[in-house]
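Please open the structure shown below in your viewer and keep a selection panel at hand. The tour goes from the whole chain to single residues.

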Amino acid sequence: MLDLKLIRQEPDWAKTKLAARGIKGEEIDELLSLDQERRNLLAETEELKAKRNQVSADIAKMKRNKEDASAEIAAMREVGQKIGALDKQLADTDAKVKYILVRLPNFPDDSAPVSLDEKDAREERKWGNIPDFGFTPKPHWEIGENLGILDFENAAKVSGSRFVYYRGSGARLERAVYNFMLDQHYAEGYTEVLPPYLVNNDSMFGTGQFPKFVGDSYTVTNEDSDLTLIPTAEVPLVNYYRDSIIDADKLPIYVTALSPAFRSEAGSAGRDTRGLIRMHQFNKVEMVKITKPEDSWNELEKLTANAESLLQKLGLAYHVITLATGDASFTSAKTYDLEVWLPAQDTYREISSCSNCTDFQARRAQIRYRDDNGKLQYAHTLNGSGLAVGRTVAAILENYQNEDGTVTIPEVLVPYMGGQTKITPEN
């Protein structure tokens, strides 16, 4: 959530920043108008409450002196009615302010390309060689189906579109990939966490999914409460620290988790309808950092390097781009996307997003620490995919395919596959 005080102090700056995210200046004007109305109401209410306190004191004194206080009592009753009406108006105005404020995205960092078009992302660097097969490469879903390790047809029968069964060496490859990732992150200083997969509304609000993106989630409703299936392990990892004051000497905090991710993909109709790229359920290894503000930008570079090292060890060509301001996530001030090369599509596709959310999530979730002067400050939160497991499997199948339809196992995964070096057709 944005700092309303900062918007109030620097309205033109705030409008310029949020225009880069597609927010119209009129929305900021409305927010500030409501904020001023709220402050006026608050001042009027406080003045009347002070008057009521004075009248109450006067009445008590008059009663002690056996004086007639009926006029003062009537006046106090009238003041009380005005306060009640103002309190209701103040609550309504507060709700209107919050409605707008919680739906505004984070301010973009100055280093992000200013554009509402995703095509204006800036390429930062490339790594690896694009494979030259000497034959026409097949898409991963065709490879997987031919090998008998991916079954989309029966998954559609059981669950619907955009679900998959991994079978045999396919299931083992998925497990090898995420175990490899977790081991790498553990070696890099991350604490491994096995989080809940269902979270409450406060948690979804804390990391910015609610209320703006309710339609993108799967919510389980019962008579006691509503719980939502997590769209990413970022939600339970960040919210672990919700409503907390962290000891400054414990920062930065590094945590990582493997979890399923559940997404309705409501806004992606017709996109990536085949294969593992855009699923309703998929596994993902997530990295989360909680840092002091002065450390967060350096930690973003390190976080991105952690994700890159996985692709390098897997021998998968990729590039790193900085997303344009209009394409970054709701909570992000700056996002690096890692896009892996997919030969059948002859292009790079996203496999990881690494973001600095600055104090945006910390304000929503009340994650704070005490600085050297003992003053409470909001922490900065960062998150990154390390990596999306299904997309990594897709990249391995396409980049390590052989002309005879088999797939060579990347060397770094062979120990995780029990020494298996090639995937051949399953029975």
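Colour the whole protein by accessibility to begin: of its 427 residues, 48% count as buried, where buried means under 20% relative accessible area, exposed over 50% and partly exposed in between, with a 1.4 Å probe and protein chains only. This is a predicted model, in which local features need pLDDT of at least 70 and side-chain atom pairs count only at pLDDT 80 or more, while totals for chains, interfaces and linings use all residues. Residues are numbered from 1 along each chain as its sequence is written, and side-chain values use heavy atoms, with hydrogens and water left out.

Switch next to a cartoon, which should show 12 helices and 18 strands; these are DSSP runs numbered from the N terminus, helices being H or I of at least four residues and strands E of at least two. The C-alpha trace spans about 105 × 45 × 40 Å along its principal axes.

Now select Phe-210 and Pro-211, which are joined by a cis peptide bond with omega of about 5°; Pro-211 sits in the loop between α8 (201-206) and β6 (218-221). A cis peptide bond also joins Leu-251 and Pro-252, with omega of about 0°, and Pro-252 lies in the loop between β8 (244-246) and β9 (253-262).

Move then to Asp-243, in the loop between α9 (234-239) and β8, where phi is near 60°, a positive value in a residue other than glycine. Asp-243 is exposed, at 55% relative accessible area.

Finish at Gln-366, between α11 (360-365) and β14 (367-370) in a loop, with phi near 55°, again positive in a non-glycine residue; Gln-366 counts as partly exposed, at 25% relative accessibility.
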